[in-house]
Amino acid sequence: MKGKVCVFGSFNLDIVAGMARFPLPGESLIAENSMMGPGGKGANQAIAALRAGARVHYIGKIGQDDFGSFARRHLENSGFDAITLFTCKEKPTGNALIYVAGDDAENMISVYPGANLTVTAAEVTRCQPTVAAADILLMQLENNLSAIQRMIDSARAAGTRVILNPAPWQKVSDALLAKVDLLTPNSHEATQLTGVPVTDFASAQQAARVLHAKGVRQLIITLGMQGALLSDQGEVLHIPVFPAQPRDTTGAGDAFNGALAARLAAGEPLASAAHFAAAYASVCVEHRGAAHSMPLYADALARLQQYPEIQAVDPRVTIAAG
């Protein structure tokens with residue numbers, strides 16, 4: 001059974017340079033490789049949800065430029081059930097400059113959101129039937145906050161479950177957080193949301209308590225190589241990291257969130273979906289690029305079966321084979 005995921009979020013054109021190390025301020029370095037391709041947290045997570053088994057409707061906004069033409073061709077050929085793509089005359093299509101460096105393939109990213117920040121109230125209203133038809137509405141913070149708030153209100157009115165990945169960071173109100181069904185920050189975003197320096201599982205638990213006090217019901221804080229903390233109204237579970245040979249970690253968070261939404265839309269319990277998402281992300285980082293690196297459902301299932309001891313950490317977890 002495939003669930004329906006509506007993803008409202010950004011499209012960016014990514015320009016990626018692979019480096020032996022990050023350059024220092026004022027320093028020029030020769031890149032080891034370079035590539036250009038589709039990205040943006042919204043589009044990346046939509047591709048991940050699709051390849052993890054969901055039916056996906058993607059909603060985004062682009063400029064009237066060459067990058068926008070590229071975006072439209074890419075999205076129309078991605079296999080989504082449907083896309084709703086608005087255009088902006090005043091701002092260009094969003095773009096991102098990305099460095100990937102070192103043996104651990106860490107990244108540094110600079111994003112110019114462009115048209116992503118111009119979604120209007122009228123455009124959100126046009127999307128209400130799409131949001132109402134979905135099992136899950138998945139969003140990030142790479143669009144203007146006014147549109148994000150209206151999308152959340154539309155989803156709540158329709159009874160659609162809301163997942164918010166609060167990245168890249170922008171300040172949000174406690175009232176908005178209280179309307180979200182599942183919040184998925186990384187350690188840096190959890191720190192900014194709570195004021196608690198999140199560096200490990202113990203400090204993530206402290207941050208989780210603060211976020212629950214703000215009205216967040218379900219929460220997953222991703223901790224990189226330390227795995228993730230899942231907290232469901234105070235019941236805490238550690239989601240271990242799956243072994244991988246990383247080549248590019250740029251899309252890891254987007255892979256996790258898209259796969260998580262797909263499995264929740266399919267009716268899996270939160271713990272089961274989170275374990276699958278962790279396995280899915282571990283396969284993603286073994287490939288270069290963002291949207292292009294998103295694996296298939298079968299790839300993540302094979303990773304799960306390769307490490308049954310990780311899945312067995314929580315006896316409640318079951319993974320469907322189809």
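Is Tyr 58 buried or exposed? Tyr 58 is buried, and its relative accessible area is 0%. Before I go on, please note that what we are looking at is a predicted model.

Let me stay with the aromatic residues. A search of the whole structure finds 3 aromatic pairs. In one of them, Tyr 58 and Phe 80 are stacked, with 6.2 Å from centre to centre and 25° between the planes. This pair links distant parts of the chain, since Tyr 58 belongs to strand β4 while Phe 80 is in the loop between α2 and β5, 22 residues apart. Phe 80 also counts as buried, because its relative accessibility is 11% and the cut-off is under 20%.

Elsewhere, Phe 276, Tyr 280 and Tyr 297 form one aromatic cluster. Over the ring of Phe 276 sits the charged end of Arg 263, at 5.6 Å from the ring centre.

I turn next to the sheet. It is an open sheet of 9 strands with mixed pairing, and the order is β5-β4-β1-β8-β9-β10-β11-β12-β13. The edges are β5 and β13, residues 235-239; each has a single partner strand, so one side of each is left without a neighbour in the sheet. Within the sheet, β10 (residues 182-183) and β11 (residues 218-222) pair in the parallel sense over 2 bridges. In this pairing, Leu 183 stands opposite Leu 219 of β11.

Two helices deserve mention here. Helix α9, residues 252-265, packs on the sheet and touches β1, β8, β9, β10 and β11; its direction makes about 170° with that of β8. Helix α10, residues 270-284, lies across β10, β11, β12 and β13, and runs at about 25° to β13.

Now to helix α2, residues 66-76. Which of its residues are buried? They are Gly 68, Ala 71, His 74 and Leu 75. These residues cover an arc of only 125° around the axis, which puts them on the same side of α2. The face turned away from that buried side carries the exposed residues Asp 66, Arg 73 and Glu 76. The cover over the buried residues includes β3, α1, β4 and β5.

Finally, I come to Ser 187, which lies in helix α7, residues 187-194. Ser 187 counts as buried because its relative accessibility is 16%. Leaving aside residues up to four places away in sequence, Ser 187 touches Val 198, Ile 221, Thr 222 and Leu 223.

Methods:
Residues are numbered from 1 along each chain as its sequence is written. This is a predicted model: local features need pLDDT of at least 70, side-chain atom pairs count only at pLDDT 80 or more; totals for chains, interfaces and linings use all residues. Side-chain values use heavy atoms; hydrogens and water are left out. Helices (H or I, at least four residues) and strands (E, at least two) are DSSP runs, numbered from the N terminus. Buried means under 20% relative accessible area, exposed over 50%, partly exposed in between (1.4 Å probe, protein chains only). Contact means heavy atoms within 4.5 Å. The arc is that of the directions from the helix axis to the C-beta atoms. Two strands pair if DSSP finds at least two bridges between them. Axes are lines fitted to C-alpha atoms, for helices over the stretch in contact, and angles run from 0 to 180 degrees between N-to-C directions. Rings of Phe, Tyr and Trp (its six-membered ring) pair if their centres lie within 6.5 Å; planes under 30 degrees apart count as stacked, over 60 as edge-to-face and the rest as tilted. A charge sits over a ring if NZ of Lys or CZ of Arg is within 6 Å of the ring centre and within 35 degrees of the ring normal.
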